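I sat down with this one today and kept notes as I went. Here is what I looked up, entry by entry.

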Amino acid sequence: MCNRIQSRCLGTMLFGVATVLLLAVSPAFALTTIDPADGCAQTLGTAGEYVLTGDLNCSGTFGNGINITASNVIFHLAGHTISSTDCDLTKAISGISVPGGSSNVLIDGGMVSGFNDGILLYSSSSRVRGMTATGACAFGMAISGQDNQVDTSVVTGSHLDGIGIGSASGIRIMANDISGNFRVGVDISNFSNNNTVAGNVINNNGIAAGEQGGVAIFNGTNNVIRGNTINNNFDGILIDSSGNLVEQNTVNGSVGNGANGIGIAINASGASTIVRGNTVLGSSSADMSDSNPGCGTDYWTNNTFQTAVVVGGSPGCIQ
């Protein structure tokens, strides 16, 4: 099965409320400096608090910038940049790589530019905050594992998706600016359940690709898309999997061509989705669309919109 997160081959509703993830990292560690002169692919393999002391340029190495393999690690970029112009989707090339098996990792305060994936976070109960990920060859941030959080960060210029969530649960994407990415701002796929995308600005995604757009759920259930500002994307919100919740979002000016340019769209495989309390206006095709005849088991209520399309009948089931 091809995993959308890697963009290469690998493969009763209960809705929660988004909360801030608190990490259990010990405060007792001495601060360890990471010197760029020691090169790329340095490994933080022991619990502790680390700080980058300068910009780290990894162009030409075709490897990771920093590897974090231990639990209970705090890594401060301290305003510095980890960068690489290398792009090779046959290799694992990430600016910061946190593989599975670790937990309680915190990454903050700097920029990752380039690489295949800017930040790869496959640990659990970990957090990325106050980061900028720009110009990734594939994903600005690739998130897997359980109970991870990305907040107060900027993800832009990714050549595939801004943030890709795959084989994951309990992920929180909160209060970020995820704009100007080639395909999707936030992509949920590969059996990812119980994740929350809330309070983000998600603009101008999918324009270059001519497909997808702001937020897309391709595979997963009990995911919540809540309270986001989603403007001027190819499509606004695309639901292609059953049993999800879309509420209280503002979705304006979806600009796709032909049958695209839809503010909120539920495809035929998106049954039993709840769409409520959203404001969706100015879409080039339709503000709201349901590909299930008569909306099937989908539930649309208390939305503000002007145009709607339902396969096989009147759009009166969209409200």
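In which strand is the place of Gln42? I found Gln42 in strand β4, which covers residues 42-44.

Before going further, I noted that this is a predicted model. I looked up the confidence: the average pLDDT of the protein is 92, and 91% of the residues score at least 70. I marked residues 6-20 for myself, since pLDDT stays under 50 there. For that stretch the model has 48 contacts beyond four places in sequence. Where pLDDT is low, the predicted coordinates should not be read in detail, and I left it there.

**Gln42 again.** Is Gln42 buried or exposed? I get a relative accessible area of 15%, and Gln42 counts as buried because the cut-off is under 20%. I followed its side chain to the backbone oxygen of Asp35, at 3.0 Å. Leaving aside neighbours within four places in sequence, I listed Ile34, Asp35, Gly65, Ile66 and Asn67 as the contacts of Gln42.

**The sheet.** I traced an open sheet of 12 strands with parallel pairing, in the order β3-β5-β8-β11-β14-β17-β20-β23-β25-β28-β31-β34. Its edge strands are β3 (31-34) and β34 (299-301), each pairing on one side only. On average, neighbouring strands of this sheet are turned by 10° against each other, direction ignored. I then picked one pair: β20 (residues 172-174) runs parallel to β23 (residues 196-198), and 3 bridges join them. Within β23, Thr196 stands opposite Arg172.

**The nonpolar cores.** Which residues touch the most other members of the largest nonpolar core? I have Ile68, Phe75, Ile96, Ile107 and Met141, out of 56 residues in that core. Strand β19 (residues 163-169) gives the most to this core, with 3 residues. I looked closer at Phe75: beyond four places in sequence, its contacts include Ile34, Leu44, Tyr50, Leu52 and Ile66. Ile34 turns up twice in my notes, touching Gln42 and also Phe75. Apart from the largest core lies another, of 6 residues, among them Val184, Ala216, Phe218 and Ile262.

**Ser124.** My last stop was the loop between β13 (117-121) and β14 (127-129), where Ser124 is found. Ser124 has 23% relative accessibility, so I put it down as partly exposed. Not counting residues up to four places away in sequence, Ser124 touches Ser102, Ser103, Asn104, Gln146 and Asn148. How far apart are the C-alpha atoms of Ser124 and Leu31? I read 23 Å, for two residues 93 apart along the chain.

How values were computed: Residues are numbered from 1 along each chain as its sequence is written. This is a predicted model: local features need pLDDT of at least 70, side-chain atom pairs count only at pLDDT 80 or more; totals for chains, interfaces and linings use all residues. Side-chain values use heavy atoms; hydrogens and water are left out. pLDDT is the predictor's confidence in each residue, from 0 to 100. Contact means heavy atoms within 4.5 Å. Helices (H or I, at least four residues) and strands (E, at least two) are DSSP runs, numbered from the N terminus. Buried means under 20% relative accessible area, exposed over 50%, partly exposed in between (1.4 Å probe, protein chains only). A polar contact is a pair of N or O atoms within 3.5 Å; within protein, one must be able to donate a hydrogen and the other to accept it, and residues adjacent in sequence count only if both atoms are side-chain atoms. Two strands pair if DSSP finds at least two bridges between them. Axes are lines fitted to C-alpha atoms, for helices over the stretch in contact, and angles run from 0 to 180 degrees between N-to-C directions. A nonpolar core is a set of buried Ala, Val, Leu, Ile, Met, Phe, Trp, Tyr and Cys residues joined through side-chain atoms within 4.5 Å.
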